[in-house]
Amino acid sequence: KLLTGILVDKIGAKKVQFLCLIATGLGLILFYFAKNTLTALIAATVFGAGLPLITILVPLLAFSLFGYKAQPQYTGIFMGMISGSSMVGSILANFLFDLLNSYKPGLAIFAGVSFALIPAYLILYRLSERDKKYEEQEA
């Protein structure tokens with residue numbers, strides 16, 4: 001968390017959010033291909049680098065994307081989405097393991113979802129920048 005805070009101060013919440021999405025996806029891919037303990041430890045470290053995405057970046061991201069006034073509303077929406085996806089993801093991962101006797105399909109799906117969020121995030125970022133420019137012109 002400390003490193004995340006330092007990175008946010010240096011390069012901004014939006015870029016750190018992007019890096020966390022990439023770390024999450026890469027960590028899941030590394031878990032998928034892990035053949036030994038060392039590879040699994042590396043995967044866990046890379047995946048762990050993406051965890052601030054859930055823990056501390058949500059309010060910062062909401063503020064940087066939507067501004068001070070809208071931050072509480074979007075923080076609540078983002079936290080609801082994270083909670084819902086955590087519930088569904090855990091159930092789906094365990095269901096896939098019971099069905100296929102392997103975590104690999106679940107890891108592949110979740111890595112795909114992580115990487116699919118990157119363009120969605122970039123679109124959201126562009127839209128928020130456009131809206132900020134529009135608000136500045138109105139003022």
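Student: How many aromatic pairs does a search of the whole structure find?

Tutor: Four aromatic pairs turn up when the whole structure is searched. Keep in mind as we go that this is a predicted model.

Student: How should I read an aromatic pair?

Tutor: The general idea is that two rings are described by the distance of their centres and the angle of their planes. Here, Tyr32 and Phe33 have ring centres 4.9 Å apart and planes at 80°, an edge-to-face pair. Planes over 60 degrees apart count as edge-to-face, so the 80° of Tyr32 and Phe33 falls in that class.

Student: Which pair is stacked?

Tutor: One stacked pair is Phe97 with Tyr103, at 4.4 Å centre to centre and 20° between the planes. The cut-off for stacking is under 30 degrees.

Student: Are these rings buried, partly exposed or exposed, and what are Tyr32 and Phe33 in particular?

Tutor: Let's use the cut-offs: under 20% relative accessible area is buried and over 50% is exposed, with partly exposed in between. Tyr32 has 27%, so it is partly exposed. Phe33 reaches 52% and therefore counts as exposed. In the stacked pair, Phe97 at 26% is partly exposed, and Tyr103 at 45% is partly exposed too.

Student: Let's move to the helices. How many helices and strands does the protein have?

Tutor: There are six helices and zero strands. Read from the N terminus, the order is α-α-α-α-α-α.

Student: Why does the end-to-end distance of helix α2 agree with its number of residues?

Tutor: Helix α2 covers residues 13-33, which is 21 residues. At 1.5 Å a residue the expected span is 30 Å, and the end C-alpha atoms are 30 Å apart, so the two agree.

Student: Which residues of α2 are buried?

Tutor: A general idea helps first: an α-helix has 3.6 residues a turn, so residues three or four places apart point the same way. In α2, the buried residues include Ala13, Val16, Gln17, Cys20, Leu21, Thr24 and Leu28. Lys14, Ala23, Gly25 and Gly27 are also among them.

Student: How much of the protein is buried, and what supplies the exposed area?

Tutor: Buried residues make up 28% of the 139 residues. The protein exposes about 9200 Å², with carbon and sulfur atoms supplying 70% of that area.

Student: What are the dimensions of the box that the C-alpha atoms fill?

Tutor: Along the principal axes, the box is roughly 60 × 30 × 20 Å.

Student: And how many positive and negative side chains are there?

Tutor: The protein has 11 positive and 7 negative side chains, and the centres of the two sets lie 9 Å apart.

How values were computed:
Residues are numbered from 1 along each chain as its sequence is written. Side-chain values use heavy atoms; hydrogens and water are left out. Helices (H or I, at least four residues) and strands (E, at least two) are DSSP runs, numbered from the N terminus. Buried means under 20% relative accessible area, exposed over 50%, partly exposed in between (1.4 Å probe, protein chains only). Accessible areas come from the Shrake-Rupley method with a 1.4 Å probe; for residues, only the protein chains shown count as cover. Lys and Arg count as positive and Asp and Glu as negative; His and the chain ends are not counted. The place of a charge is taken as NZ of Lys, CZ of Arg, CG of Asp or CD of Glu. The expected span of a helix is 1.5 Å times one less than its number of residues. Rings of Phe, Tyr and Trp (its six-membered ring) pair if their centres lie within 6.5 Å; planes under 30 degrees apart count as stacked, over 60 as edge-to-face and the rest as tilted.
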